[in-house]
Amino acid sequence: MKIHSWICLFGLLLVFPAFSQQTIITGSVIETATGEPITEATITIEETQQSTMTDELGVFRFDADVPLGEQVLVVSKAGYVSKRYPIVVNEGQTVNITDMTLEIDLTANNDFIISLSDDELNADEGFTDNISGLLQSSRDVFLNAAAYDFSSTFFRPRGLDNANGKVLINGVEMNKQFNGRPQWANWGGLNDVQRNQVFSRGIAANEYNFGDLAGTTNIIMRASKYRKGGRVSVASANRSYQGRLMGSYSSGLLEGGWSYSVLASRRFGDEGYIDGTLYDSNSFFAAVEKQLGDNHSLNFTGIYAQNRRGRSTAVTDEVNRLKGREYNPFWGRQEGDLRNSRVRDVIEPILMLNHFWQLSEKTSLNTNMAYQFGKIGNTRIDNGGTQLEIGPNGETFYSGGARNPDPAYYQNLPSYHLRFDNPTPLDFQNAFVHQQEFVTNGQLDWADLYEANALPGNTATYAIQEDRNDDTQFTANTILNTEISDKVTLNASLSYRKLNSENFANLKDLLGATAYLDVDSFAEEDPQSSFVLTDIAQSDTNNPNRVVVEGDRYKYNFEIDANVINGFAQAQFKYSKIDFYVGANIGKTTYQRNGLFENGYFIGNSFGKSEKLDFSTYGIKGGLVYKFTGRHLLDVNAAYFTKAPSIRNSFSNSRQNNNVVTGLTEETINSIDASYIYRSPLVKARLTGFYTNFSDGSDIAFYFTENLAGLGIEEDAFVQEVMTNIERRHIGAELGIEAQITPTIKLKAAASVGQYTYANNPDLYLTSDDFPGELRFGDGKTFLKDYHVAGGPERAYQLGFEYRDPDFWWVGATTNYFSNAYVDVSALARSENFGLDYDGLPINGYDDNVARDLLKQEEFNDYFLVNIIGGKSWKINDYFVGFFATINNVLDQEYKTGGFEQSRLANYNDVLEDKSRDYGPVFGSRYFFGNGTTYYLNLYFRF
C-alpha cells in the first residue's frame with residue numbers, strides 16, 4: 001500500500017505543474033452603455049489570428065497554443081465599434097480581462113444605407129440591381145464604402161450584381177429563382193431586427209452554403225439572439241419615402257426557456273425625390289423561440305412586409321433637358337390626386353421554423369423549413385382595347401386600339417417635329433407647341449383615358465393591366481457544423497426548394513368601362529398560316545372573344561414549376577501560420593412551363609406542359625490565409641463552379657408559348673482573388689486583385705424595333721432578343737484603408753479600378769409573334785467582344801474622415817469620385833443586321849469608319865459626390881435617446897447612373913440619319929439620372 005501511495009503522490013506531483021503552468025487568456029465583453037453582456041462577439045488574437053466567440057454570459061477563453069509576450073486582442077461584433085486591447089501573456093499564467101466594452105456603432109446602422117431595391121428600377125429596360133444590401137453587415141473598409149457611399153451611383157464591386165450574392169435568413173436562402181436576385185421588399189422595414197448579420201466576403205468560406213462571388217449574408221432573426229429591450233424610432237427623408245415609424249421589443253430569455261421578439265413599422269410618402277413615386281409600406285415581424293433542454297431549441301419566425309410604390313423610368317437627354325432629373329412620365333392628376341400608372345405591389349409573407357440541435361460540445365445541426373407565398377404585381381396602361389364588329393355579310397372583325405398615352409412618347413417631343421433635313425416654318429411651329437405643352441404639363445392625362453372609355457355599349461379602349469407573379473415556395477435544409485479537432489472544422493448542408501409560380505395578367509382597373517374584349521388588336525393574318533384573324537387574335541382560343549371584367553385573368557396565363565436540390569461540404573483548417581479551406585457543391589435544377597391559355601399565335605405550342613428543363617451544377621473552391629505576422633497577411637480565394645440559368649432566361653417568350661431557349665446550358669464561372677491585408681494599432685488596410693471569367697451565359701431582352709432589314713422584313717415588330725454563349729471577363733483591383741490617427745479621429749480611403757468586358761461574340765437570334773421561328777443574321781453572332789458590360793462606374797475613389805467624441809456624438813464626411821461608366825449597347829445593332837439592306841446585300845454607301853463611330857460605346861462624364869453623416873445619443877437614467885442624419889450629394893451634382901441604347905433603330909442608314917439630325921435624335925439612348933441632394937433623419941428612443 002505504501003508503494004502504491006508513493007506512486008500516486010509522485011503522479012500527482014507530475015500532473016499538478018502541468019495544470020498550474022497552463023497559459024490561458026480569458027475575459028468578458030459588455031455593452032458600454034448598459035453593462036449587459038454581449039454574446040457572440042468575436043475575440044481575435046491579432047498576432048496569430050486565433051479567434052473564439054463569447055458565450056451567453058459574454059465570456060470567452062483561449063487555452064490552446066496561446067502565444068506569449070505582447071499581444072493584442074481584437075473585439076468585434078456586427079453593429080458595434082471594434083476595439084483593440086493590448087495585453088502581456090506570460091507562460092503558465094492566466095490573463096483575465098473582465099468587462100471589456102463595446103459601444104453600438106451608429107454609423108453601421110442599416111437604416112440609412114443607400115441601397116437601391118430592384119423595384120426602383122425598370123428591369124424590363126435592361127438595367128440591373130446593385131448589391132449594397134449584401135454588404136451592409138461587412139466591417140471591411142472598402143465594402144463599407146461600396147455599401148454606404150458608392151451604391152447611389154449603381155456602383156457594383158467587381159462588376160457583380162446581387163444575383164451573384166446569396167442572402168439567407170436563419171440559414172434559408174432568399175434569392176428568387178425567377179432571376180437569381182434577393183427580393184429586398186420581402187423583409188423591408190425590419191431594420192431593428194436585422195442588425196445581427198454574418199457576412200462572408202466573396203467566395204470565401206462560410207458555414208451555410210457554397211456561396212457566390214459577391215458574398216453570402218445570413219440575417220439571424222432568432223428570438224433568443226435579441227437582447228432584452230425595445231426601440232421606437234421616427235424618420236424623415238426625401239429619397240424613397242417621406243416618413244417612417246417603427247417600434248420593436250424583445251423579451252430576452254424568459255423563465256421556462258421562452259423568448260420572443262416583435263416589430264411593426266410603416267413607411268409612407270406621396271412621392272420621393274423622383275416625382276410621382278408614391279411609397280406605401282407596412283411591415284410586421286414576430287419570432288418566438290423555446291429552449292428544449294440544454295441541447296435543443298425551436299424557433300418560429302414570421303415576416304409580413306407589404307410594399308406598394310410608384311415607379312419611374314429612364315428618359316432621353318431631350319426629356320431630361322426639358323423637364324429635369326426629377327421628371328417621371330408615369331403619373332398624372334386624377335380629380336386633384338396624384339396617381340401613378342406603374343405601381344409595384346409586393347406582398348410575400350415568410351413563415352419559418354428553425355430547429356437547433358447541439359449534438360455535442362463541438363457539433364451542431366440546424367434544420368430549417370420555410371414557406372413563402374403571395375404576389376408581386378406591376379401595373380401599366382393597356383391601350384389595346386378592341387371592339388368586336390360584325391360586317392355586312394356576317395363576317396367578324398375587330399376595331400379599336402389607341403395611341404400610346406405616355407406624355408413623353410417620341411411623337412410628343414420637339415425633336416420628332418424637327419426630324420426633317422429642312423424643317424418648314426410649320427414644323428418649327430408644331431415643335432414649339434409640343435415643347436410648351438410638354439414643359440407646362442407633360443404628365444399623364446387620366447381624364448382623357450376615362451373619356452375614351454365612356455362610349456356607351458363599347459368595351460374598354462384603355463385599362464390598367466397588372467402583370468402578376470404569384471409564387472408559392474417551400475424550402476427545407478439542414479446544416480451541420482462540427483469541430484473534428486482544434487485545427488479542423490467541417491461544414492455541410494443539404495437543401496431543397498420547390499416553387500410553383502403563377503404568372504398572368506390581371507385586369508386591375510377598367511377606367512370607367514364595364515368590360516374588356518380579350519383579343520390582340522394588333523393581330524394580322526399570316527398568308528403562310530391556315531389560321532384566320534379571329535383565331536390568331538385570341539389570348540385563349542379555348543375561350544374565343546372572351547369578355548373580361550376587373551379581377552379576371554387575361555392576355556396570358558401560365559405556371560412555372562421549379563425544383564432545386566443542392567449539397568455542400570467544406571473543411572476549414574486553422575494553424576498558427578496558415579488557415580485554409582476547401583469546399584465543393586453539387587446540385588440539380590428543373591424547370592417546366594404549364595400553359596393555361598392557348599395563344600392564337602402559337603396554337604399547339606402554348607397550352608399544356610413544355611419539355612422539362614434539367615440542369616446539373618457543381619463547384620469547387622479553396623482559399624488560404626497566410627500569416628507572415630499578425631499584422632501582415634496574404635488572403636487567396638479561387639473557385640470554379642457552374643450555375644443553372646434563371647427561369648427568366650430559360651423560356652424565350654413564356655407569356656405566349658412553350659419555346660425553350662436554343663443552346664441553353666449551365667453558366668460556368670471561374671474566379672480568383674488575392675489580398676494583402678495589413679493590421680496595426682493605427683492602420684487597417686486591404687489591397688485586392690481579382691479576375692473572374694463567366695462563360696455560357698444567357699440573356700433575353702424584349703423591345704419594339706423598326707429595323708429588321710437583315711432578315712428582309714420591312715414591317716415593325718415586337719421581338720424577343722435571345723443571346724446565348726455569352727462570355728464576360730471582370731478584372732481589377734480594390735483598396736480600402738483606414739487610420740485611427742487619434743482616439744477620436746479616423747481617416748479612411750477606398751478605391752476600385754476595374755474593367756468588365758465581353759470576351760467573345762455571343763450567339764443571337766430573334767423570335768416574335770410577327771414572324772415564325774427563330775431568325776438569325778448571317779452567322780448568328782452579335783459582335784460585342786471588348787465592349788464594356790454596363791452596370792455603374794468601373795472606377796470609384798473615396799477619401800473621408802470620422803470624428804467620434806467621447807460624449808457620444810460623431811460626424812463624418814466622404815468625397816467620392818466616379819468614372820468609366822458606360823451605356824448598355826444594343827446587341828441587335830452589333831449584329832450583321834446593322835450593315836444589310838432588305839435584299840440581304842450590304843448597304844450602298846456603307847462606310848466602315850462612320851459605322852465605327854456610330855457603334856462606339858458611350859462613356860458617361862466623371863463626377864464627384866460629397867456625403868455627410870452624423871449623430872448623437874444621450875443616456876437618461878436607464879433609457880437612451882439619440883438621432884442620426886445623412887446628407888447625400890451635398891453639392892447637388894447632376895450625373896447619369898446608367899442607361900441603354902434603344903434598339904428601335906438598328907440599321908446603318910437609320911442610325912446615321914437619327915444621330916445626324918440637327919435638333920437631336922428621335923430615338924436617342926435612355927438614361928437613369930442620379931438624385932440631387934437628399935437627406936435622411938432618424939430619431940430613436942431605446943429602453
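# A guided tour from strand 8 to strand 46

Select Leu 168 first: this residue stands opposite Glu 173 in strand 9. The model is a predicted one, in which local features need pLDDT of at least 70 and side-chain atom pairs count only at pLDDT 80 or more, whereas totals for chains, interfaces and linings use all residues. Residues are numbered from 1 along each chain as its sequence is written, and side-chain values use heavy atoms, with hydrogens and water left out.

**The four-stranded sheet**

Extend the selection to strand 8 and strand 9, which run antiparallel and are joined by 2 bridges. Strands here are DSSP runs of E with at least two residues, helices are runs of H or I with at least four, and both are numbered from the N terminus. Two strands pair if DSSP finds at least two bridges between them. The open sheet to display has 4 strands in the order 9-8-11-10, with mixed pairing. Its edge strands are strand 9 (172-173) and strand 10 (197-200), each of which pairs on one side only.

**Helix 3 and its aromatic neighbours**

Next, select residues 141-150, which make up helix 3; 10 of its 10 residues are buried. Buried means under 20% relative accessible area, exposed over 50%, and partly exposed in between, with a 1.4 Å probe and protein chains only. Among the buried residues are Val 141, Phe 142, Asn 144, Asp 149 and Phe 150. At the start of the helix, display Asp 140: one of its side-chain oxygens reaches to within 3.0 Å of the backbone nitrogen of Phe 142.

Keep Phe 142 on screen and add Phe 155. By the rule used here, rings of Phe, Tyr and Trp (its six-membered ring) pair if their centres lie within 6.5 Å; planes under 30 degrees apart count as stacked, over 60 as edge-to-face and the rest as tilted. The count by this rule comes to 39 aromatic pairs. The ring centres of Phe 142 and Phe 155 are 6.5 Å apart and the planes stand at 80 degrees, so this pair is edge-to-face. Phe 142 lies in helix 3 and Phe 155 in the loop between helix 3 and strand 8 (166-169), 13 residues apart. Phe 142 and Phe 155 are both buried.

A second edge-to-face pair is formed by Phe 834 and Tyr 908, at 6.0 Å centre to centre and 85 degrees between the planes. This pair links distant parts of the chain: Phe 834 is in the loop between strand 41 (809-819) and helix 9 (848-854), and Tyr 908 is in helix 10 (residues 908-915), 74 residues apart. Phe 834 counts as buried at 2% relative accessibility, and Tyr 908 is buried with a relative accessible area of 3%.

To see the wider setting of Phe 142, select Phe 150, Phe 155, Phe 818, Tyr 863 and Tyr 895 with it; together they form one aromatic cluster.

**Strands 42, 43 and 46**

Turn to strand 43 (residues 879-888) and show its side chains. Phe 880, Gly 882, Phe 884, Thr 886 and Asn 888 point to one face and are buried, while Tyr 879, Val 881, Phe 883, Ala 885 and Ile 887 point to the other and are not.

Strand 42 (residues 863-876) runs antiparallel to strand 43, and 9 bridges join them. Select Ile 868 to find its bridge partner, Ile 887. The hairpin of strand 42 and strand 43 has 2 residues between the strands, and Asn 877 takes a positive phi near 55 degrees there. Strand 43 is also joined by 9 bridges to strand 46 (residues 934-942), again in the antiparallel sense. Phe 883 stands opposite Leu 939 in strand 46.

**The three-stranded sheet**

Now select the open sheet of 3 strands in the order 17-45-44, in which the pairing is antiparallel. Strand 17 (315-316) and strand 44 (896-900) each have a single partner strand, so one side of each is left without a neighbour in the sheet. Strand 44 and strand 45 (residues 926-929) pair over 4 bridges. Within this pairing, Gly 899 has Tyr 927 as its bridge partner.

How values were computed. Polar contact = N/O pair within 3.5 Å; in protein donor to acceptor, adjacent residues only side chain to side chain.
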